[in-house]
Amino acid sequence: MGKSKNANSPGGSTAAVAPAVVDSSLFINRELSWLEFNERVLEEARDPSNPLLDRLKFLAICSSNLDEFFEVRVAGLQAQLYESLEPQDPPPDGMGPLAQLLEISRRAHDFVARLYDIWLKEVRPELEAHGIRICAPADLTPEQVEFLDGYFRDQVYPVLTPLAIDPAHPFPHVHNKSLNLLLRIESINQNGRLVYAVLQVPSVIPRLVPLPDEPGGGKRFVLLEDVIGPRLDALFGGYRTVERVAFRATRNSDLSIQENEVKSSLLSTIEENLRQRKWGAPVRLEISERVDNDFLAQLLAVSALELEERDVYRVPGPVDLTVLNALYKLEGFRDLREPPWEPKMPPAFTGRKSVFRAISEQDFLVHHPYESFGTVVQFIEQASEDPSVLAIKMTLYRTADSNPIISALIRAAENGKQVTALVELQARLDEENNIDKARLLQKAGVHVVYGIVGLKTHCKAALVVRREHDGIRRYVHLGTGNYNHTTARLYTDLSYFTCRPEIGEDASALFNLLTGYSQGHAWKRLVVAPMDLADRLATLIRREADHARAGKPARIVAKMNSLVDPRTIALLYEASQAGVRIDLIIRGICCLRPGVPGASENIKVRSIVDKFLEHSRIAYFANDDQPEVFLSSADWMPRNFRRRVELMFPIESPPLKRMVDELLALQLADNVKARELQADGTYKRVEPRKGAPAIRSQVEFQRLAVEHASSIPMTPVTPPDLEPSERRARGRD
C-alpha cells in the first residue's frame, strides 16, 4: 500500500517527526510487561471482595492467557534463540532472547506456583463449602465408583487408544495443549518387565464428569483423567499400570504468512499452515508434580520435546486450569457470581422502523457491553431487507458461531444486493472459524475477499449504500471491536454510526483499497494504517508539546490495550518534558516508564481489570482548548502501525465528544479496579482518598446505560479530583 494524502492533518502535513534517541533503560520489556498484566488478572482471582465463581473465572483466564503467551511470544523468542531468527521488532529495552527467556521462566514458574496456591488453598475450599467439589478417586463412595465404572465402560473406553513406546513404536506426537497420560506398565507374566505407553485423554468428552446429584443440591465432579486412571488395566491385557502422570505440551502456534510464501492463494496457504500448526516446535511442558525424576527424564528423552529444564512446569493440581471454566458456567449459584448484566438498547434505536432515518438525523455512539450490540446487528439486518439498499461492505476479523451478522449478509446476497465481506484469515487462533464462515458466505453469493498479503485487516468497518429520494447516501459503522455478538457482551468497545459524506467517501475508498488496487485517495476524515496512522499520531503528540511550550492548554488522554511502539513512546517522553500532562489508560502491555524525573514525570499510566475486558481505543488531544477526539481499532504498537490495516477516526459531534469525555473521566477516577504503573514496571492498586467515594467505572457505566435507556434523570458521579475541563456535563444529547 503506497503513501496517501490526508487533507485533515494538523498543520496540513503528515511528515514524520523523528523523536530524540531514548535510553534503553526508559523502556519496559514487552514480555515482562505482559506478565505483569496477568498478575493483575491473578489479583482479581485472589480478591475476596469478588464473588467466588468470578474468582474461579479469573483463575481460568490466567491459565488461558498463559497458554497463548507461550504459544506465540515465548515461541517467538525460542525461534530467535535456537534458529537465529531476527525479531520483527527488536526490543528497545535491549534484552536479548536468552535474557528474556530466563526472566520469563523465573517469573512464570513463580506465577504458576501462586496460581495453583490460590486454587488449592483459597478458591477450592470455598467452593466445597458451597457444595461444589472436584473429587479425587480416593474420596468416592462405592455407589459413585460403580457409577463411574459404567460411565467408563459405555462412554470413555470405546474412544481410548493406548500407544505403546518401544523400538517398534516411537513416542507418539502429542498435539498442542492436548492432555495426555504417560504410563509405566508392568508385565504380569514376564518377570515384571516395565514398559511405557501414552494415552491421550479424549477432548471429545467433557473433562469434568458430573456425579449423580446429592441431597442438598451440591455438585460433585471427577476429572476425566481420574475416571480413566484407576481403570487403565482394562486397556492392557497381561499388564498392570504401576504409575501414571498427566502431562501437556504447548507448541508454537504463531501463524504469519509472508508474501513470498503464498504459492496459489492466501486461503490454501493458510489452510496448509493450520495443518502444520499441530506440529509446531514444543515450547513448554506441564506435568503433575508427583512425577519422579526418572519418569520425567524418560518422557523428555524419548518424546522429541527437546525442552530445557526451565521449560518444564510441575503443577500440584489439575494440569490445565482452564478446566475451571466449566464450573463457572454451572447453572444456579447466582449468589456466587456478579449480578448478570443485560445490555440496554439506546432509545434512538428502540422501536425505529428505520435505523437509517435515525442515523440521517444525527451521529450515534454506542458503548458496549453497557449498550446493546443489537444496534449493530439491527443496522446490518435492516440493510439486508431494505429494498432501497444497493450494497453492503464489511470487514470481518473475529466472527462467532451462529453469528446474526453472517446470517444477515447471506440474506442480503439472496435478496440480490451487492455484498462484499473482507474476511481476515489470519486472525490469531480464529483462522479455522473464519475459513468456515468465508466458505459459508461465498456459497450464498457474497463476494468474499481475504485482504492484502502481508497485512492483517484489523479495522472494523461496515458500509451500506442506499438509494434515497435525493440520490445515493452512504451509511457507515466504525468500531473499536469485532463484529462478534458473543464477545460484545464481554468486551468494552465503542460503535460509531454516521452518514457524514466525508466519512462515507473515505469508507468507499477503504474498501476499494482492500478489494482492488486503489491508492492515492486524499483521506478526508479516516486515518489509515499502514499509510498515515503512526505519522498522524506523531504530529498530534508533537502539537500538544508545542502548545505546552507556548503556554497554551495541552493535554493528552489515551486509552488502549497496549503501548509498545518505541517512536511513539519517545514522542510521549518529549511531550512530558515540554510540560504536557498525559494520562494513559492501558489494560495490558505498556513499555513506557512513567514518573521518571526528567523524562516522564508528567505521565501517569493506569490499568483497569474488571469483569468486562477493556478493549476500546480512544485518543484525546486538548489542542489549545479546541479538543480533538479519535477512536481507533489500533493499539500503539509497531505491528498495528506497519503490518495491519487499521483505522483511526474523529468524533466531531459535540454531544458525542461529551460522551467520550465522560468515559475517560470516569476511568481516570476509578479507585476500585484501577492500578497505577510504577517506574520500576510494577503496578500499585489505586485506593480511594480519605473521605472520597469508591468509584468503580464499569458499575458507573452500567448505571448510566440504565439512565440513558429509561430517560430517568439521575445524578452522575462527579469525581472530586478532576479539573474543571473534566467536569463537563455527562448527559447524552
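**Close-up 1. The N-terminal stretch, residues 1-17, of a predicted model.** Here pLDDT (the predictor's confidence in each residue, from 0 to 100) stays under 50. Even so, the model has 47 contacts (heavy atoms within 4.5 Å) beyond four places in sequence for these residues. Where pLDDT is low, the predicted coordinates should not be read in detail.

**Close-up 2. Residues 257-264, another stretch with pLDDT under 50.** For this segment the model has 15 contacts beyond four places in sequence. Stepping back to the chain, pLDDT averages 88, and 89% of the residues score at least 70.

**Close-up 3. Helices α17 and α18 packed together.** Helix α17 covers residues 654-669 and helix α18 residues 697-710 (helices are DSSP runs of H or I, at least four residues, numbered from the N terminus). Their axes lie 9 Å apart at an angle of about 145°; axes are lines fitted to C-alpha atoms over the stretch in contact, and angles run from 0 to 180 degrees between N-to-C directions.

**Close-up 4. Residues joining α17 to α18.** From α17 come Glu 662, Leu 663, Leu 666 and Gln 667, and they meet Ser 697, Glu 700, Phe 701 and Leu 704 of α18. By class, the residues of this contact are 4 nonpolar (here Leu and Phe), 2 polar (Gln and Ser) and 2 charged (Glu).

**Notes for all views.** Residues are numbered from 1 along each chain as its sequence is written, and side-chain values use heavy atoms, leaving out hydrogens and water. In this predicted model, local features need pLDDT of at least 70 and side-chain atom pairs count only at pLDDT 80 or more, while totals for chains, interfaces and linings use all residues.
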